[in-house]
Amino acid sequence: MAKHQFQTEANQILNLMIHSLYSNKEIFLRELVSNASDALDKLNMLVLTDEKYKGVTFAPRIDIIADKETKTLTVKDSGIGMNEEDLMNNLGTIAKSGTKAFLENLTGDQKQDSNLIGQFGVGFYASFMVANKVEVITKKAGETQAFLWTSAGDGEFEISKSSRDSHGTTIVMHLNDDEEEFLETHRIESIIKKYSNHIPFAIFMDKEKHIPAVTDDDGKETEPSRTEIENTQINRANALWTISKNEISDDEYKDFYSSIAHSSEEPLTWMHNKAEGAIEYTTLFYIPSKAPMDMYRVDYQTGIKLYINRVFITDDEKELMPTYLRFLRGVIDSKDLPLNVSREILQSNAVMNKIKNASVKKVLSELSKMAKKDPKKYEEFFNEFGNVLKEGLYSDFANREKILELMKFNTLNSDEKVMIEEFVKNVDEDKKEIYYITGKASLSMLKASPALEKFKSRGIDVLVLNEEVDTIIFPMVTEYKEYKLISVADAKFEESEDEKKEQEEVAKSFEGLAKEFKDALGDAVKSVETTSDLVDSPVKLKEDKEDPAYMMAQMMKQMGQDTGTPAPAPILQINPKHELLVKLKNSADQNLINDAAHVLLDQAKLFDGIELDDTADFILRLNRIISKAI
Ligand SMILES: Nc1ncnc2c1ncn2[C@@H]1O[C@H](COP(=O)(O)OP(=O)(O)OP(=O)(O)O)[C@@H](O)[C@H]1O
């Protein structure tokens, strides 16, 4: 008998289970049954596709055995089973993916953590919530040696040789004294009905059956009533997605979600679709109510299971759906794919691609319906998954317009987020230009940006995009229907001849001050010029987009490369109508002009979220100006 230590992460999960933070203990049965069902799925596929398993019989069943005398509860399956190496890896030494993310997210706060556990799906270790000792007797299909894995959940497990009639896995849980409720037939049956009614395989259990008394014609009892034990199927065992929509209740959909997503939270919504025609397939997609913890990790777990004619193929194929829909949970099942499909084939398979494209369209159109019919629910969805969906704007060119229509935008003139279809109603029908501003700043800060003043003064609304990803995504999104998307910095408004003339005159009268500013600031700015764009602010920065150095820096940024070379110096634009600049123009105090030039440049930088190179210098100059004013 060999003793082994649990891997640190596995041990942490185990400890959590034992000192159960989680109040919903009954889910241990859901987890074990779901593992049994997965093991049957795996064997089913191998028997159908792999020569090596030709001789193996696939007789799928799951048995639950409650023994009140030994206080044990057993879950047994005739699935793929495990050999010694599998046992070592799967039950102890290698934590399943997502474990790290899960553990990092724990807060120590019972209520919050219990929610997290509900989302994570603790798997096999959940058995230690109710048992003080767990034994796993298992034999891998096609192999001869069976093994016994035992642990009391105390940091160690043991593996030894054992025997088992045929392939499959038996999990024996020695229940804690206060968990005997899980030996009661009705309790077990209700848990199975709740979570595992629609796994594709039958679950059996011994049940007491009442046989009524037999009476003769005169009503005299010839045989008394009695109870018999009968091995009975306790779940419906019909893959839920194969049933027609109108025969499935909301509760059944929710329960099925709980079993495939290992989640105790209700899904936000689901979409069940049967496509008939050239390619036949069924999809059942769920949108969770909370974002999975690993959603922003590269090693996120996919939530879509692929079945081919009800035979499980994979749940680990990131190409099944685009990454920007990675929050989806559910099933794709099609008769029209070859059973022995490999990962490579799957990725380039024309049928799979058609299913994928049609499914994406379906999901997007369902989301669009939700946005219109149930805005409150859509808001919940968007708050959780909006930023992930947004990734589709650059990764899925074909559906860009639809994804854009699913976005909710902050805008300059609105306190509530609006959708683009609403937004364009107020766009100038002649110009057909949608303006946007991006920046890594708070919403209020960005809305107060000097760059928006020319829009404010003209009453034009602007999309205000203050998420970090927006600065990368939106420059790539150049149009929506017949509208152009234009960054506020590139927006041009027509001016009358008189206006132009007036501006030229103003610029001329400010030439002296502009030169003094440039002399004071040196290479920190490319040039200093007057602008008619500003109303309330004295200055703003402008990038010179024609500058080759600027274009180069942008290109490198888009390719995700930071070469460390500083961006080219910006142009400092000054507002000739602003009192401050008018006063400076008329001032002969060179020191004041010098300090003001620096302070105004720094002020413009701060507005654009740029860190100051020399904060001490900024403060020194500011203080000098203040003391002069007093
Ligand atoms: N009844 C079983 N038959 C065969 N293998 C099993 C069985 N139960 C568990 N395993 C193996 O042990 C692994 C770990 O199981 P565990 O329940 O901890 O996580 P999981 O099933 O991989 O993840 P999740 O619970 O999120 O689906 C499984 O992936 C599987 O390989």
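**Reading the ligand shell, a helix face and a helix pair**

Q: Which element gives the largest share of the shell around the ligand?
A: That is H2, with 4 residues. Helices (H or I, at least four residues) and strands (E, at least two) are DSSP runs, numbered from the N terminus. This is a predicted model, where local features need pLDDT of at least 70 and side-chain atom pairs count only at pLDDT 80 or more, while totals for chains, interfaces and linings use all residues. Residues are numbered from 1 along each chain as its sequence is written.

Q: Which residues around the ligand come nearest?
A: A residue is near a molecule or strand if its C-beta atom, placed from the backbone, lies within 6 Å of it. Here 17 residues surround the ligand, and Asn35, Ala39, Asn90, Gly123 and Thr169 come nearest. Two or more shell residues are given by helix H2 (27-49) and by H3.

Q: What does the shell look like by class?
A: Ala, Val, Leu, Ile, Met, Phe, Trp, Tyr, Cys and Pro count as nonpolar, Asp, Glu, Lys and Arg as charged, and the others, Gly among them, as polar. The shell around the ligand has 8 polar, 6 nonpolar and 3 charged residues.

Q: Is Leu32 of helix H2 buried or exposed?
A: A residue is buried if 20 or more other C-beta atoms, placed from the backbone, lie within 10 Å of its own, exposed if 12 or fewer, and partly exposed in between. Leu32 has 25 C-beta neighbours inside 10 Å, so it counts as buried. Leaving out residues up to four places away in sequence, Leu32 touches Val75, Ser127 and Ile171; contact means C-beta atoms within 7 Å.

Q: Which residues of helix H3 are buried?
A: In H3 (residues 84-93) they are Leu87, Leu91 and Gly92. Looking down the axis of H3, its buried residues fall within an arc of 75°, so they line one face of the helix; the arc is that of the directions from the helix axis to the C-beta atoms. Turned away from that buried side, another face of H3 carries the exposed Glu85 and Asn89. The cover over the buried residues of H3 includes helix H1 (8-18) and strand S1 (2-5).

Q: At what angle do helices H18 and H21 pack?
A: Axes are lines fitted to C-alpha atoms, for helices over the stretch in contact, and angles run from 0 to 180 degrees between N-to-C directions. H18 (residues 511-521) and H21 (residues 590-607) pack at about 75°, with axes 9 Å apart. That makes H18 roughly perpendicular to H21, a label for angles of 65 to 115 degrees.

Note on methods
Contact = placed C-beta atoms within 7 Å. Parallel < 35°, antiparallel > 145°, perpendicular 65-115°, else oblique.
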